[in-house]
Amino acid sequence: MPRSAWLCRKGNWPVSSRFVVLVVPFVIIAIFWLLARREAKLRHDPTHKGYFERNGMTLGILFIVLVALWALFLVVLPYLYMVVESFHPQLPPSKRGGPEDVLTLEQYKSFFVQPVGGGLNVTHIGALVFSILASIAVTALNFAICYPLAYYMAQSSGAQKVRLLMLALIVPYWVNEILRAFALRLLLASRGLINQALMGLGITDAPIDFLGIDVGLYVGLSYAYLLIMIFPLYNAIESLDKNQIEAARDLGAPWWRIHRDVVIPYAKPGIASGCTMVFMLSAGSLAAPQFLGGPRTLWFTSVIYNFFFQNFNWARGSAYAFILLAACIALVMLMLRLFKVSLGETIK
Amino acid sequence: MKSAWVMKGMLGFYILLFFLYLFGPLIVMGITAFNTPSYPQAYPFEAFTLDWFVKLWNDRNMMQGLQNSFIIGLGVVALSVPAGLAASIIMSQIYHRARGLFYLVTISPLLTPGVIIGISTVIFWKDVLGVTEVTKAIFYKGVVLTILGQSSFISAYCLLIFMARLTRFDRAQEEAALDLGASYPQVFWHILLPYMKPAIVSAVVIAFLSSFENYNTTTFAILADKTLVTVLAGQVRQGTTPALSALAVIIIGISLFGAITYEILKRREKKRAEQAQKRALVAERGDGQGDALPAPSSA
């Protein structure tokens with residue numbers, strides 16, 4: 001390709017071959033555009049209006065510029081660029097784009113095998129596994145906490161009451177993540193209120209190190225994403241026809257069967273979307289593990305954070321970020337498949 | 001029905017516990033803001049003080065961060081609300097085979113961990129802006145990168161808000177206007193935009209708030225600058241001071257005020273709607289003599 005040859009020859013431009021991959025989205029757009037053109041020509045419809053005809057020239061261009069700026073320059077291209085970066089070696093800025101800047105799997109290999117010593121990289125694999133398992137636990141916990149309230153709000157209370165409950169739910173979420181973690185720390189610290197109460201009542205003699213044994217981490221994550229779980233659940237259950245529950249009750253179903261066989265199957269898309277959001281957010285969270293995790297607990301995002309701010313190894317950090325994203329998406333897809341929910345329903 | 005009472009009691013107890021979980025930590029933190037010891041403690045309450053608020057006011061870092069947070073919030077609103085609106089309109093017009101992909105691309109930032117958004121923003125824009133020294137000097141700044149990084153997912157929030165409202169839009173209105181000789185841009189400015197106004201207001205509020213309290217993306221994209229949240233994070237990491245509690249009290253105070261105002265406005269609006277409906281009914285019964293009725297009061 002003459003274009004890439006031209007890019008490579010200009011070796012003093014530090015980004016050179018990296019930009020070749022970034023042409024991909026433009027090619028995809030062009031393909032879709034050509035397809036649309038062809039289809040419009042084949043199926044000639046006199047009432048159909050072209051894009052610029054419908055929106056006018058000025059607005060039409062404005063819309064396209066805005067959407068292209070967002071979808072391409074803020075979403076697709078940075079993601080692609082990060083992935084490309086993760087396949088490069090870590091080099092000082094002066095050597096970027098030089099002969100040493102080749103494609104490599106080194107960064108991904110370093111996740112599995114330690115670069116120094118060559119043993120299995122137990123620390124980082126362990127951190128990833130722990131983050132994912134803990135996030136699953138937090139998701140399950142939040143579902144258990146939120147389901148009864150969501151059901152109560154959606155099915156058995158008046159509109160006035162629901163609005164007040166909603167307000168009460170939203171107000172704590174205007175306080176930001178850091179301050180909420182701080183508030184929990186004040187409660188759970190060894191000098192905190194809960195330990196004071198426990199010792200005051202004579203239940204324990206010495207303070208319990210809640211933060212050290214990761215209770216703080218779980219509580220913090222659950223607390224941070226309570227609202228993310230409750231709204232999708234509420235929306236899903238709210239549209240369920242009350243008569244269905246009545247009918248089940250009249251036919252003699254006990255309460256747990258009503259939930260198992262009527263409400264939960266109906267609310268499945270909402271449950272899936274709440275769980276997906278909570279899982280992704282806690283797996284990618286940074287504040288709760290940093291401020292509430294125990295000293296020996298290593299959260300995977302903290303590993304990534306350290307590659308950026310302590311080791312200044314952006315390439316390896318990018319590779320780890322991509323590993324995290326891929327692992328989370330794979331798990332969510334697997335779960336959705338297992339519970340037979342389509343992705344389309346979930347993100348609606 | 002004894003079991004119904006038991007159920008009701010348990011439900012009440014559960015709701016009580018739920019809200020205790022939600023508000024308990026914040027109340028405890030609130031108490032520590034007014035207590036004298038320099039380690040934030042709620043009990044024993046030694047003496048009432050407002051010193052921590054004064055200390056907060058004098059914290060230069062925090063004030064600098066607050067200022068940056070405001071600038072970033074405004075920047076994000078200016079970028080993501082129009083982008084979300086444009087995307088929602090294009091979504092309704094785009095070539096049908098491309099719609100699924102377009103939706104996936106625009107919604108994906110919501111499912112991507114904020115950390116990754118921050119990293120990719122920095123890596124990408126560092127090289128793009130680094131092409132010339134001038135662009136690097138002007139734009140390669142924490143505030144700019146943070147606006148770009150946050151906008152990538154906040155635009156998606158806006159898109160969802162706009163799409164929800166746009167699906168209820170009655171296309172007949174548009175056609176009526178076109179039949180009466182309006183041009184397409186006129187339809188946009190005089191029909192679609194006024195119709196979208198409530199959604200635009202909520203998009204602005206949500207965009208600003210989510211920008212203001214974002215940590216995960218910001219901590220990477222902010223580079224050497226600071227926002228209120230990154231200053232806070234630094235202070236929480238260093239240790240604990242009741243000044244942080246004081247800040248939380250201020251934020252809770254503002255949000256309570258906002259929530260209550262919102263509730264009052266909503267109720268007033270509902271009342272007004274009911275009155276208007278009543279008047280309309282009366283007018284209809286009066287057989288088209290609505291004009292003869294007393295003019296609607298402004299209340």
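Q41(B) sits in the loop that joins α1 and α2 (51-57) of chain B. In this predicted model, the residue is buried, since 22 other C-beta atoms lie within 10 Å and the cut-off for being buried is 20 or more. Setting aside the neighbours within four places in sequence, Q41(B) touches T32(B) and N35(B). E175(B) is a long way off by comparison: 134 residues along the sequence and 65 Å through space, going from C-alpha to C-alpha.

Staying with chain B, helix α5 (residues 114-129) comes next. With 16 residues at 1.5 Å a residue, α5(B) should span 22 Å, and the end C-alpha atoms are indeed 22 Å apart, so the expected and modelled lengths agree. Most of α5(B) is covered, with 12 of its 16 residues buried. The buried ones are G114(B), V115(B), I116(B), I117(B), G118(B), I119(B), S120(B), T121(B), V122(B), I123(B), F124(B) and W125(B). What does the covering? Both chains have a hand in it: the cover includes α5 (57-86), α17 (300-309) and α18 (314-338) of chain A, along with α4 (96-111), α7 (142-166) and α10 (216-221) of chain B.

That leads on to the contact between the two chains, which takes 72 residues from chain B and 66 residues from chain A. On the chain B side, helix α1 (residues 2-32) gives the most, with 12 residues. Sorted by class, this side of chain B has 51 nonpolar residues, 17 polar ones and 4 charged ones.

Turning to chain A, the secondary structure amounts to 19 helices and 0 strands. The C-alpha atoms fill a box of roughly 75 × 70 × 35 Å along the principal axes. A compact globule of 348 residues would come out with a radius of gyration near 20 Å, whereas chain A has 26 Å. Buried residues account for 36% of the 348 residues in the chain. Of the contacts in chain A with a separation of 6 or more, 70% link residues that are 24 or more positions apart.

The domain assignment splits chain A into domain 1 (2-104) and domain 2 (122-346). Their C-alpha centres lie 37 Å apart. Where the two domains touch, the contact takes 7 residues from domain 1 and 8 residues from domain 2. The domain 1 side of that contact has 3 nonpolar, 3 polar and 1 charged residues.

One helix of chain A shows how covered a segment can be. Helix α9 (residues 177-188) has 12 residues and reaches 16 Å from its first C-alpha to its last, close to the 16 Å expected at 1.5 Å a residue. In α9(A), 12 of the 12 residues are buried. Among them are the charged residues E177(A), R180(A) and R185(A), and the list also takes in I178(A), L179(A), F182(A) and L188(A).

Finally, a word on confidence. Chain A averages a pLDDT of 84, and 92% of the residues score at least 70. Within the chain, helix α7 (residues 122-155) has the highest confidence, at 92, while helix α1 (residues 2-9) has the lowest, at a mean of 43. Over residues 1-14 of chain A the pLDDT is below 50, and this stretch has 18 contacts in the model beyond near neighbours in sequence.

Key: Residues numbered from 1 in each chain as written. Chains lettered and ligands numbered in written order. Predicted model: local features only at pLDDT ≥ 70, side-chain atom pairs only at ≥ 80, totals over all residues. Helix = DSSP H or I, 4+ residues; strand = E, 2+ residues; numbered from the N terminus. Expected span 1.5 Å × (residues − 1). Rg over C-alpha atoms; globule rule 2.2 N^0.38 Å. pLDDT = per-residue confidence, 0-100. Domains from an automatic or database assignment.
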